[in-house]
Amino acid sequence: VTIVVVPGSDVLTITAIDGVVVTITENSDTVEYNGKEQKVEGYSVTSFSNNLYTVDDFEFSGSAIATGKNAGFYDMNLTAANFVNKNNNFTNVTFEIVDGGLTIAKYKGKVTVTIEGGGKETEYTGEVQEAGGYDITDIVVEGDDDVIVTEDDIKYVGDDEPTAKGTDVGTYPIIDEDDFDSDNFEDIEIVIKDGTGDLVITPMT
């Protein structure tokens with residue numbers, strides 16, 4: 001506030017302080033994936049460029065929360081528009097946002113996934129034969145019984161569709177262990193059930 005006394009006058013003029021910077025820091029947290037929605041809330045006022053300005057001089061509107069389920073980073077996405085100066089003694093109040101948010105790290109315990117492919121053994125016919133597809137039949141999580149794992153956590157990442165075609169006697173791969181992965185687990189073991197990962201054409205008897 002600037003106080004101006006005009007000489008020879010009984011008028012006292014008080015003008016508003018121009019230019020205040022308020023730094024808002026979004027809260028942050030790092031958690032491990034558990035298959036459930038997780039969140040971090042709130043923010044801190046970390047600095048004022050003028051010590052006459054306080055938290056009582058502005059108001060917040062909106063939602064200061066970052067939520068997520070899968071491994072990755074989730075921004076709180078606050079902006080200066082979420083904060084409004086309400087003290088007329090200050091003009092040109094600027095709110096600077098320091099980004100924070102929720103980091104969900106991959107689950108560190110071992111996860112074993114058993115997959116049954118659509119493979120089969122069939123006799124040579126002279127015609128093109130085909131087999132394909134797969135089913136996730138079992139998921140075992142070690143280390144934490146509260147971690148929720150579903151088939152949606154397991155991704156097929158093979159270069160081609162999980163199918164095989166063949167005419168001549170031989171083995172035609174459908175799926176293998178490297179065709180599956182997950183963004184949410186550091187230690188994942190894929191087990192293909194014996195005899196289900198290939199189309200096998202045997203000689204005619």
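Phe180 is a buried residue, its relative accessible area being 5%. The model in which this residue appears is a predicted one, and the aromatic contacts of Phe180 offer a way into it.

A pair of aromatic rings is described by the distance of the centres and the angle of the planes. Under the criterion of centres within 6.5 Å, the structure contains 13 aromatic pairs. One of them is formed by Tyr134 and Tyr156, whose ring centres are 5.9 Å apart. Their planes meet at 25°; because stacked pairs are those with planes under 30 degrees apart, this pair counts as stacked. Tyr134 belongs to strand β16 (residues 134-141) and Tyr156 to strand β17 (residues 155-156), so that the contact links distant parts of the chain, 22 residues apart.

Both tyrosines have some solvent accessibility. Tyr134 is partly exposed at a relative accessible area of 29%, and Tyr156 is likewise partly exposed at 25%.

Tyr134 also pairs with Phe180, here in an edge-to-face arrangement with 4.9 Å between centres and 80° between planes. Since Tyr134 lies in strand β16 and Phe180 in strand β20 (residues 180-181), this pair ties together parts that are 46 residues apart in sequence. The partly exposed Tyr134 is thus in contact with the buried Phe180 through an aromatic pair.

Elsewhere in the sequence, ring pairs join further aromatic residues into a cluster: Tyr43, Phe48, Tyr53, Phe58, Phe60, Phe83, Phe90 and Phe95.

Terms used: Residues numbered from 1 in each chain as written. Predicted model: local features only at pLDDT ≥ 70, side-chain atom pairs only at ≥ 80, totals over all residues. Heavy atoms only, no water. Phe/Tyr/Trp six-rings, centres within 6.5 Å; stacked < 30°, edge-to-face > 60°. Helix = DSSP H or I, 4+ residues; strand = E, 2+ residues; numbered from the N terminus. Buried < 20%, exposed > 50% of the residue type's maximum accessible area, 1.4 Å probe, protein only.
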